[in-house]
Amino acid sequence: AAGLRGGGSAIEHLRGILERGDMGFIVLFRLSCLNIISQRFGPEAVEDCLMAVSAFLTQSLHSDDTIYHWSDSSLLAILQGRANEQILTAELERIVMQNRETSVKLGGRSTMLRIPLTFDLTPIERLQSAEDLYKITLLTNGGKT
């Protein structure tokens, strides 16, 4: 969905980072209201919303950061080269606050929507293996994948 790589690609990328011992963070972005959009307008509308938010995040984050489609209502970003959690948290909060209305196709016509975003941040160094990504996203996503 949304033209993004999925969870398997995120695991492989993370595995390489862990093997090299690189620093960075995992960010789980949760998109609110997608279940309502899906019920009212169908899965194509959800895909448009995911594409719009992922385009916004791609533009807002660093060029070497990677974004993945993680679940029905979340995107996962792997941010490398950042060492300070407090500075990164402030940067992400600023980005989330700048999330503006986006034009998406709903019910065959263009509609302006603002998809609320929240995020959880986890330092890569806390992970023992790439598969731990499933555990942390389960914990931060209320048990939903």
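This is a chat about cysteines, aromatic pairs and salt bridges in a predicted model.

Student: Before we start, what are the ground rules for this model?
Tutor: The model is predicted, so local features need pLDDT of at least 70 and side-chain atom pairs count only at pLDDT 80 or more, while totals for chains, interfaces and linings use all residues. Residues are numbered from 1 along each chain as its sequence is written, and side-chain values use heavy atoms, with hydrogens and water left out.

Student: OK, how many disulfides are there?
Tutor: The count is 0 disulfides, where a disulfide is a pair of cysteine sulfur atoms within 2.5 Å.

Student: Why is there no bond for Cys33?
Tutor: Because the closest cysteine sulfur, in Cys49, is 9.4 Å from the sulfur of Cys33, which is too far for a bond.

Student: And is Cys49 buried or exposed?
Tutor: Cys49 counts as buried, at 1% relative accessibility, whereas Cys33 counts as partly exposed at 39%; buried means under 20% relative accessible area, exposed over 50%, and partly exposed in between, with a 1.4 Å probe and protein chains only.

Student: Switching topic, how many aromatic pairs does the structure hold?
Tutor: It holds 2 aromatic pairs, counting rings of Phe, Tyr and Trp (its six-membered ring) whose centres lie within 6.5 Å, with planes under 30 degrees apart called stacked, over 60 edge-to-face and the rest tilted. In one of them, Phe29 and Phe119 have ring centres 6.3 Å apart and planes at 50°, so the pair is tilted.

Student: Where do Phe29 and Phe119 sit in the chain?
Tutor: Phe29 is in strand E1 (residues 24-31) and Phe119 in strand E6 (residues 117-123), so to speak of the chain, the pair links distant parts, 90 residues apart. Helices (H or I, at least four residues) and strands (E, at least two) are DSSP runs, numbered from the N terminus. Phe29 is buried, with a relative accessible area of 0%, and Phe119 also counts as buried, at 17%.

Student: Now the charges: how many salt bridges does a search of the whole structure find?
Tutor: The search finds 8 salt bridges, a salt bridge being a side-chain nitrogen of Lys or Arg within 4 Å of a carboxyl oxygen of Asp or Glu.

Student: Which residues does Arg15 pair with?
Tutor: Arg15 meets Glu12 in a salt bridge at 2.4 Å, N to O, and both lie in helix H1 (residues 7-20), 3 residues apart, about one turn of the helix. Arg15 also forms a salt bridge with Glu131, with the closest N and O atoms 2.1 Å apart; Glu131 lies in the loop between E6 and H5, 116 residues apart from Arg15.
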